[in-house]
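Let's take a relaxed walk through this protein, one piece at a time. Keep the 3D view open while you read.

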Amino acid sequence: MVLKNRRLMLSEDEAKAVIRPLLHFLSKKHDKGFYVGDMATEDIFLYGGNIGGNIFDGRRVRAGILKKMRRIPKNGLVRVGETEDLLSHLPPEIFEGYDAKQLDIWVLVVLLFELLTGEKLYRIPSPYDLSFQYFIWAGGLTNVTPNAQHLLQQPMLRDVAFLEETYVRKMSPELKELFENTLCVEASQRWGVDQVLNSEWLNNNASLSVRSV
């Protein structure tokens, strides 16, 4: 798959072809007791290549992520370096510590949003971040929560309203279901990797493949 630039808006089918092998890769590593924790868009977009643009090469991406792998502690909880860029991918359990496996899934799904829109979903995983408050805390990614619709009327949420009107409203119901069940404030309600892999969205058009070079 030739990616022309880092802000390219992939179609849902193209995004599935990127996300699916990474989920299988994470599932296998989780079973062996390892997690990543600090994946970023730079781990997915590889600049350069010999086709005239940016190339998605699943083998190189997995090799790069493999270098970041760490062993999951016995209690399953981890801390990560909360840099400004990484904060925009983390779940809200900043002070409690993160379940290592859930952390990887959350980060990958937030990166999925970036693959589809070229935009960050939020900056900080806190209700003080208006985008996080709307899309995560109030359920705005599902476009059904009355509280979310009320928030959208506030003048300070103009940028959030742009994301909602430009991208979220055009997403398929199956994709919204995936977001709804993975980006939950309550960690106990989130889908695990197997549920994501078996989701309706990920398995529609499952024959689509990624071109590696």
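## Two helices crossing

Start with helix 4 and helix 8: the crossing between them is left-handed. On the helix 4 side, the contact is made by Ile-105, Trp-106, Val-109, Leu-112, Phe-113 and Leu-116, and these meet Leu-175, Leu-178, Phe-179 and Thr-182 from helix 8. Two packed helices are described by the angle between their axes and the distance between the axes. Here the angle is about 145 degrees, and the axes lie 10 Å apart.

Keep in mind that you're looking at a predicted model. Its mean pLDDT is 79, with 74% of the residues at 70 or more. Both of the following stretches have a pLDDT below 50: residues 1-6, with 28 contacts beyond near neighbours in sequence, and residues 206-213, with 22 such contacts.

## The whole protein

Zooming out, you'll find 10 helices and 6 strands. The protein has 213 residues, and 53% of them count as buried. Now take the contacts with a separation of 6 or more: 68% of those come from residues 24 or more positions apart.

## The core

In soluble globular proteins, nonpolar side chains tend to be buried together. How many residues does the largest nonpolar core have here? The count is 59, and Leu-23, Leu-112, Leu-141, Phe-179 and Leu-183 have the most contacts inside it. Several elements give two or more residues to this core, among them helix 1 (12-31), helix 5 (130-137) and helix 7 (158-166). Helix 4 provides the largest share, with 13 residues.

Phe-179 is a nice one to click on. Leaving out residues up to four places away in sequence, Phe-179 touches Val-109, Leu-112, Phe-113, Leu-116, Leu-141 and Met-171.

## A buried histidine

Next, look for His-89 in the loop between helix 3 and strand 6 (98-99). Is His-89 buried or exposed? Buried means under 20% relative accessibility, and His-89 counts as buried because its value is 0%. Setting aside neighbours within four places in sequence, the residues in contact with His-89 include Met-39, Ala-40, Trp-106, Lys-120 and Tyr-122. Glu-114 is in contact with His-89 as well, and their side chains make a polar contact at 2.8 Å. Leu-103 comes 14 residues away from His-89 along the chain, and their C-alpha atoms are 9.3 Å apart.

## Around helix 5

Ser-126 sits in the loop between helix 4 and helix 5. With a relative accessibility of 15%, Ser-126 also makes the cut, so it counts as buried. Past four places in sequence, Ser-126 touches Phe-132 and Gln-133.

Asp-129 caps the N-terminal end of helix 5, with a side-chain oxygen 3.0 Å from the backbone nitrogen of Ser-131. Within helix 5, the buried residues include Ser-131, Phe-132, Tyr-134, Phe-135 and Ile-136. Just after this helix comes Gly-139, which takes a positive phi of about 75 degrees.

Here are the distances between pairs of atoms from this tour:

| Pair | What is paired | Distance |
|---|---|---|
| His-89 and Glu-114 | side chain to side chain, polar contact | 2.8 Å |
| Asp-129 and Ser-131 | side-chain oxygen to backbone nitrogen | 3.0 Å |
| His-89 and Leu-103 | C-alpha to C-alpha | 9.3 Å |

Notes
Residues numbered from 1 in each chain as written. Predicted model: local features only at pLDDT ≥ 70, side-chain atom pairs only at ≥ 80, totals over all residues. Heavy atoms only, no water. Core = buried A, V, L, I, M, F, W, Y, C linked by side-chain atoms within 4.5 Å. Buried < 20%, exposed > 50% of the residue type's maximum accessible area, 1.4 Å probe, protein only. Helix = DSSP H or I, 4+ residues; strand = E, 2+ residues; numbered from the N terminus. Contact = heavy atoms within 4.5 Å. pLDDT = per-residue confidence, 0-100. Polar contact = N/O pair within 3.5 Å; in protein donor to acceptor, adjacent residues only side chain to side chain. Axes fitted to C-alpha atoms, helices over the stretch in contact; angles between N-to-C directions. Left-handed = near helix turned anticlockwise from the far one by under 90°.
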